[in-house]
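Student: I am new to this structure and should like to learn how to read it. Could the tutor guide me through some of its features?

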Amino acid sequence: MAAPVEDAFRRLFKLYKRKQPLVELSGVLDFSRLEVNGSGAKVHPAKLSHSSVSDQDIQSAGLQPISKWKAYGLENYPGFIFISNPFLPGCQHHWVKQCLKLYPQKPNVCNLDMHMASEETSDLWGKSQEQLRHKGSRKKESRSLLEKLRWVTLGYHYNWNTKSYSSDHHSLFPTDLAVLSQHVAAACGFSHFKAEAGILNYYYFDSSLGIHVDESELDFSQPLLSFSFGHSAIFLLGGLKREETPLPMFIHSGDIMVMSGISRLVHHAVPRILPCPDGSALPYCLTLSLSEGFPIGSSIIDLCSKEDWDVCASYLCESRINMTIRQVLGAGQTFSTQPKQETYPCKDCEGSQQQDSEDTKKLTDSS
Ligand code: SIN
């Protein structure tokens, strides 16, 4: 294979991926600490549509009223919106539990299906929960199946081989996640957004997601939504061309990013996952419980039992989960109206080296 071309994005990706010597993080934009913005990026409040979703509906998805969201845009990225953790205390637990207990279940598809029999991947939670509960006392090498999970696809299942979606590989998109996504999209001015496909990525401290553009959807007029839980990450937001130097920013647990307009098609990557700077096992916002009086009965949020949360918390001590939600088809569009996509044979669809690890949408582990 020819050596990959060195460009501005790749240079920064390698810099932030490097663990030794540790890279200086003071130039990484932190939307949760804008008062010490050392990145030089020009940040402004994002315009939201406050009346698009009622406070009651937004709360039922586990979110604060839109009027309380801290949402920002960036001068050079029209269509990019960063919402700094708008979740109500304790409500992230529901989404973490869904990502670990429910969404990996069949008929959804995950990386383990690529080389394991369906009986073996049929109940990852059930097969992993005891191991995760006793993680402290077990041998390091005995990782549970959940800890081997790297991606799950929802709705129209993304085909990593052909880099496309198709009408014949589809399962029902989870209703709760569709509602959450619709509310967030509506608040950002996209009242007709339909959640049709999801890619969930499961990261460890040594994982990274290579430089890519999300361009397999057939309609780019709708935004890409990204929800993050667990440990923080460094995210690189680039331009339409790889030669443009990307902007590094932190993504913390609960943060939501919306990529639309020109920013829907920019290069981006996740070079690094970071432990909590104060040494705690979990980010503070994940240690909070649901407020008394949260209307669980009329909400799409389930109560996450202590038993379930213990498993999730043990998992999250070393990891990060990201869900990107997409609309695949434009209004009235069908797959048949599209020209057939070129296909690229993929050497390994399981999640290790697909090509050079900096140039793949797929998550890779460096160890
Ligand atoms: C992320 O993990 O924050 C980004 C995921 C993606 O770009 O697909």
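**Reading strands, a loop and a pocket**

Tutor: Let us begin with a strand pairing: in this predicted model, strand β7 and strand β14 (residues 363–365) are joined by 3 bridges and pair in the antiparallel sense. Within this pairing, S208 has T364 of β14 as its bridge partner.

Student: Which strand is joined to β7 by 2 bridges?

Tutor: That is β12 (residues 268–274), and the two strands run antiparallel. Here H212 has H268 of β12 as its bridge partner.

Student: How should the side chains of a strand be pictured, and how many residues of β7 are buried?

Tutor: In a regular strand, side chains alternate between the two faces of the sheet. Strand β7 (residues 207–212) is mostly covered, with 6 of its 6 residues buried.

Student: Where does P86 lie, and is P86 buried or exposed?

Tutor: P86 belongs to the loop between β3 (77–84) and α3 (92–102). Its relative accessible area is 2%, so P86 counts as buried, the limit being under 20%.

Student: Which residues does P86 touch, leaving aside those up to four places away in sequence?

Tutor: P86 touches G62, L63, Q64, W69, G254 and I256. As for A71, it is 15 residues from P86 in sequence, and their C-alpha atoms are 8.9 Å apart in space.

Student: How is empty space found, and what is the volume of the largest pocket?

Tutor: Rolling a probe the size of a water molecule over the atoms shows where empty space is left. The largest pocket has a volume of about 790 Å³. Its lining has 36 residues, with D30, S32, R33, S232 and H252 nearest the centre. The lining comprises 17 nonpolar, 13 polar and 6 charged residues.

Technical notes. Residues are numbered from 1 along each chain as its sequence is written. This is a predicted model: local features need pLDDT of at least 70, side-chain atom pairs count only at pLDDT 80 or more; totals for chains, interfaces and linings use all residues. Side-chain values use heavy atoms; hydrogens and water are left out. On a 1 Å grid over the protein atoms alone, a cavity is a set of points where a 1.4 Å probe fits but cannot get out, and a pocket is an open set with protein on both sides within 12 Å along at least five of seven lines; lining residues have an atom within 4 Å of a point. Grid points are joined across faces, edges and corners, and a volume is the space filled by probe spheres set on the points. Ala, Val, Leu, Ile, Met, Phe, Trp, Tyr, Cys and Pro count as nonpolar, Asp, Glu, Lys and Arg as charged, and the others, Gly among them, as polar. Helices (H or I, at least four residues) and strands (E, at least two) are DSSP runs, numbered from the N terminus. Buried means under 20% relative accessible area, exposed over 50%, partly exposed in between (1.4 Å probe, protein chains only). Contact means heavy atoms within 4.5 Å. Two strands pair if DSSP finds at least two bridges between them.
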